[in-house]
Amino acid sequence: MRVDIALRGERLSRSFGQGAMQTIALDDVSLSIEAGELALLMGPSGSGKSTLLAVLSGLLRPDSGRVVSLGNDLWTLNETEREQFRLQYCGFIFQGYNLFSALTARQQIEMVVRWGEGASPREARRRADEVLSLLGMSRRAHLRPVELSGGEKQRVAIGRALVKNPRLVFADEPTSALDWSHGEQVIELLRAAAHDRGATVLIVSHDSRTIPFADHVYHLEDGRLQHQDESSVAVLNHQGQLLPYPTSR
Ligand SMILES: Nc1ncnc2c1ncn2[C@@H]1O[C@H](COP(=O)(O)OP(=O)(O)OP(=O)(O)O)[C@@H](O)[C@H]1O
Ligand SMILES: [Mg+2]
């Protein structure tokens, strides 16, 4: 069977600072994620999850190693090409939401469709309303970030990332501000992006309730990766209980 690897990281390392102050955020990390797969990246605070997401998505240059994304050797592209690649193929959900304070929830999402795809205002509005409805945000569509709760802002950020149907989705703690009914809705949307549309979805999460939704769970510890295989995820699914992570493989 041909396996379609959409995103591959090879021997990635990244540190911050120098000398005695140096932090090794990523230490020789390799992983491969297939198209149509939802991968979950877990690990304690400071273990390098956001750093890995940034390196794999073309936002942060690794000190060494390679990222191959949809067949492109990402860190050999020049900055303009990489920016273009991100615009065309990637949807991002950041830890801090990054919403525009002057725009309503609906406008934040419309903007992506209008400027990203050159869609008409009417089409942008239709697509934005569709996504807002999936996120349970229809009645909040006219509000600006300052008028929205943390969880509502998070859902707008998720809508903005998904509305362009990106082939790659990078989400850093997408459910952190949500109660579980909304969190589950969001994970279901991300899973549908992977399983129904063939997108490649990489989620960073502390939330163990997201585990049963994942095709693969990766665990980072001090910048090093441990891979939890599918069979243990299946056990989790079946019993609905969480088992301790293996500490090495
Ligand atoms: N810009 C930076 N400058 C210096 N150190 C950094 C920088 N970014 C990350 N680090 C360090 O690298 C390590 C990994 O950070 P990272 O943000 O990837 O962790 P994380 O797993 O995402 O944590 P959290 O769950 O708290 O978000 C940490 O020790 C952090 O202090
Ligand atoms: Mg982080």
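**Reading helix α4 in a predicted model**

Modeller: The secondary structure of this protein chain comes to 7 helices and 10 strands. Keep in mind that the model is predicted.

Biologist: What is the mean pLDDT of the chain?

Modeller: The mean is 89, and 90% of the residues reach 70 or more. Among the elements, strand β4 (residues 64-69) has the highest mean, 98, and helix α7 (residues 230-239) the lowest, 43.

Biologist: Over which residues does pLDDT stay under 50?

Modeller: Over residues 230-249. For that stretch the model has 26 contacts beyond four places in sequence.

Biologist: Now α4. How far apart are its end C-alpha atoms?

Modeller: Start from the rise of 1.5 Å a residue. The 14 residues of α4 (residues 121-134) should therefore span 20 Å, and the end C-alpha atoms are indeed 20 Å apart.

Biologist: Which residues of α4 are buried?

Modeller: Ala124, Arg127, Ala128, Val131 and Leu132. Look down the helix axis: these buried residues fall within an arc of 135 degrees, so they line one face of α4.

Biologist: What does that face pack against?

Modeller: The buried residues of α4 pack against α3 (105-117) and α5 (150-162).

Biologist: What phi does Gly136 take, just after α4?

Modeller: A positive one, of about 65 degrees.

Biologist: And the chain as a whole: how many of its residues are buried, as a percentage?

Modeller: Buried residues make up 47% of the 249. The chain exposes about 12,300 Å², with carbon and sulfur atoms supplying 48% of that area. Then take contacts between residues at least 6 apart in sequence: 67% join residues at least 24 apart.

Conventions:
Residues are numbered from 1 along each chain as its sequence is written. Chains are lettered from A and ligands numbered from 1 in the order in which they are written. This is a predicted model: local features need pLDDT of at least 70, side-chain atom pairs count only at pLDDT 80 or more; totals for chains, interfaces and linings use all residues. Side-chain values use heavy atoms; hydrogens and water are left out. Helices (H or I, at least four residues) and strands (E, at least two) are DSSP runs, numbered from the N terminus. The expected span of a helix is 1.5 Å times one less than its number of residues. Buried means under 20% relative accessible area, exposed over 50%, partly exposed in between (1.4 Å probe, protein chains only). The arc is that of the directions from the helix axis to the C-beta atoms. Contact means heavy atoms within 4.5 Å. Accessible areas come from the Shrake-Rupley method with a 1.4 Å probe; for residues, only the protein chains shown count as cover. pLDDT is the predictor's confidence in each residue, from 0 to 100.
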